[in-house]
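I sat down with this model and went through it feature by feature. These are my notes, in the order I looked things up.

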Amino acid sequence: MLACGQKSRYSALMQQPTAHVPSPQMTVDAEGTPRSTGFNDIYFSARNGIAETQHVYLAGNSLPQRWHDQAHFTIGELGFGTGLNFLVAWKEFTETSSGHLHFISVEKFPLTIAQLTEALAHQPQLADVAAQLIAHYPLRLPGWHRVKFDRVTLTLGFGDVSELLPQMEANVDAWFLDGFAPAKNDAMWSTDVFHQIARLSAADATFATFTAAAVAKRGLQEVGFMVQKVQGFGHKRDMLVGMRHGEAHGSRAVKTAIVIGGGMAGCSVARALAERGVQVTLHEKESIASGASGNPAAVLYPQLTKYYTPATAWHFAAYDFAQRTLAQWGVKLNSTGMLKIGKDDEDDAKLRSIRESLQLDESVAQWLEPEEVSARVGQRITRGGFFFPHGAWLNPADACRALLHHPNITVHEHSKIKELPTADAIIIANAQAANDLLPTELTMGVTAGQVSVLAASEKLTTVLCHKGYAIDTGEALIIGATYDREDLRGAVTDANHAQNITELHEALPMMQVSIQTGRTSMRATTPNRLPHVGKVRDGLYVSVGHGSRGMISAPLAAELIASEICGEPLPVSRALRDALAPR
Ligand code: SAM
């Protein structure tokens, strides 16, 4: 038997957060109806699933009539399943509205891409939108994911409804309550869930659900909905619809924004706002991408830690968003994948134990043994490692320029802002220089990093991360970067080249290299590895302190700020939003 102290230590260990996301036990019958064998219920009927969604969820919420004249309309769904409801709403919305649809949904057992493809294969009317969903489906990681389509934004939470809804912030106009039947799945119909539905409801929000169960009716009435029983779909006699009166809170329309800083953080925020119709003016004191974003190549990959801590969750969510969204924003990604190996035997053992503790899904990273690693890299390597199939590299300066390529963005280079200007919104995104503009709010540190640009004897077929990284751009091998807190003069030194090359040779001893050139830049760092992102005070925001992870964290930071400015659903959990907020 365990002693008391041992027991609490033991249970604390048991609760260490992992990145595990369970997939559903699902079958698809000959007709094409997907069924959950876990819940013993169907997701939808292949023959009339679309008609059922139209009857229950669209007509039940008086749609499409209600979204006709709305610039923004928000749907909240419980139970994303195969995404059928989402796809039907998306298609109907594009045909009947010129506005923007936000669709928020939660799913405890997210389908794998293979399951999703199989489940939607028998719905030819939805083939175009289904293909887009499959192409942009989030990585199977816990928590909230933001997926952007043309005039539709999907905010999809992977996890239990009881943990996800309290972490959301949104004003939902219409609810699709599509958890399996209360008798089979009471977790979706709990008092706490009904309270969250009420908290997240906009003024005069409506709901519709296929069930007429008393527990649903009572629960929704208790949180203020007027509930009505109406004709169900097909052979189902009844279903429930309802409305909850409330007062509308007008949000401040933001038409203009000033962004300070022309690196990845500033360019991403300019783009996220411009996409929303905001007129953005960006000021950069030198030229675009002259700071840390001026390196010749950078890799998109999230740092691995033993458990899924808040910082890890942020970087993985940001990686997931960046690898999907940067390409949509016109950035060229070189999707070679990324391989992470240990820098020595001790590190190798650490990675193997992370494999056990973090439990990353195959869609995110696959563990490879040394022979498979060697085959991937095209070089003999004696250690195992994680292969990130969505890992990619980009040219940061090209990326910044692509982000700024938008009719709503005006750029002023060599324009140093000394005092905060006036605009509906100001976003400070100039890394450590922000310390001067907000001396009481920010105290970021600085580290110098040197990259070495080499001619190499062998080609790499994927990005390789060991202690540092090695990116083969086709023209050169870019390796780095050093990490120096003391010498901040920014000079390129032979000693730093030698350090970069020694580390490269620890991973790839056979690689012969010669130095072509190098570059040193400064990174703004924070004590807890999380950047400072969000509101400082009304109308003033920051996106700074991204350290060496700006390529992945700047786009989601931008999306968070733009969502806050424009009053849209949060793209990340409230806990993450609060952890990132500058204090
Ligand atoms: N709307 C879906 C569609 O269009 O395919 C069908 C939803 S299906 C009827 C119900 C979904 O709720 C299932 O995918 C199930 O895994 C999910 N679910 C059940 N319990 C849950 C919980 N506690 N938290 C989050 N999702 C849950």
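**Ligand site.** I started with the polar contacts of the ligand (a polar contact is a pair of N or O atoms within 3.5 Å; within protein, one must be able to donate a hydrogen and the other to accept it, and residues adjacent in sequence count only if both atoms are side-chain atoms). Glu-77 puts a polar side-chain atom 3.1 Å from a ligand nitrogen. In Asn-185, an N or O atom of the side chain sits 2.9 Å from a nitrogen atom of the ligand. Leu-84 takes part through its backbone: a polar atom there is 3.1 Å from a ligand oxygen. I then checked how covered the ligand is: on its own it has 600 Å² of accessible area, and the protein covers 98% of that. Areas are Shrake-Rupley with a 1.4 Å probe, and for residues only the protein chains shown count as cover.

Before going on, I noted the ground rules: this is a predicted model, where local features need pLDDT of at least 70 and side-chain atom pairs count only at pLDDT 80 or more, while totals for chains, interfaces and linings use all residues. Numbering runs from 1 along each chain as its sequence is written, and side-chain values use heavy atoms, with hydrogens and water left out.

Which residues come nearest to the ligand? I get Gly-79, Thr-82, Glu-107, Asp-178 and Asn-185, out of 22 residues around it (near means a heavy atom within 4 Å). I sorted the shell by type and got nine nonpolar, eight polar and five charged residues. For that split, Ala, Val, Leu, Ile, Met, Phe, Trp, Tyr, Cys and Pro count as nonpolar, Asp, Glu, Lys and Arg as charged, and the others, Gly among them, as polar.

**Asp-472.** I found Asp-472 in strand E23, residues 469-472 (helices, H or I, of at least four residues and strands, E, of at least two are DSSP runs, numbered from the N terminus). Is Asp-472 buried or exposed? Asp-472 is buried, at 13% relative accessible area (buried is under 20%, exposed over 50%, partly exposed in between, with a 1.4 Å probe and protein chains only). Its side chain reaches two backbone nitrogens: that of Leu-460 at 2.8 Å and that of Gly-474 at 2.9 Å. Leaving aside neighbours within four places in sequence, I listed Trp-393, Glu-458, Lys-459, Leu-460 and Leu-477 as its contacts (heavy atoms within 4.5 Å).

**Cysteines.** How many disulfides are there? I count zero, taking a disulfide as two cysteine sulfur atoms within 2.5 Å. Cys-465 can't bond because the closest cysteine sulfur, in Cys-400, is 20 Å from its own. Cys-465 is buried at 1% relative accessibility. Cys-566 is in no disulfide either, with the sulfur of Cys-267 as its nearest, 18 Å away. At 24%, Cys-566 is partly exposed.

**H7 and Leu-240.** Next I looked at helix H7 (residues 191-199), where the buried residues are Val-193, Phe-194, Gln-196, Ile-197 and Ala-198. They pack against several elements, including strand E4 (72-78), strand E8 (172-177), helix H8 (214-222) and strand E11 (238-244). E11 also holds Leu-240, which is buried with a relative accessible area of 0%. Not counting residues up to four places away, I noted that Leu-240 touches, among others, Phe-207, Ala-216, Val-227 and Lys-229.

**Backbone oddities.** Most residues other than glycine have a negative phi, and most peptide bonds are trans, so I wrote down the exceptions. The Leu-63 to Pro-64 bond is cis, with omega near 10°; Pro-64 is in the loop between helix H2 (49-58) and E4. Gly-480 to Ala-481 is cis too, with omega near -15°, and Ala-481 falls in the loop between strand E24 (477-480) and helix H15 (494-507).

For positive phi outside glycine, I noted Gln-359 at about 55°. It sits in the loop between helix H11 (345-358) and strand E16 (366-368) and is partly exposed at 36%. Ala-431 has a positive phi near 50°, lies in the loop between strand E20 (425-428) and helix H14 (434-437), and is partly exposed at 30%.
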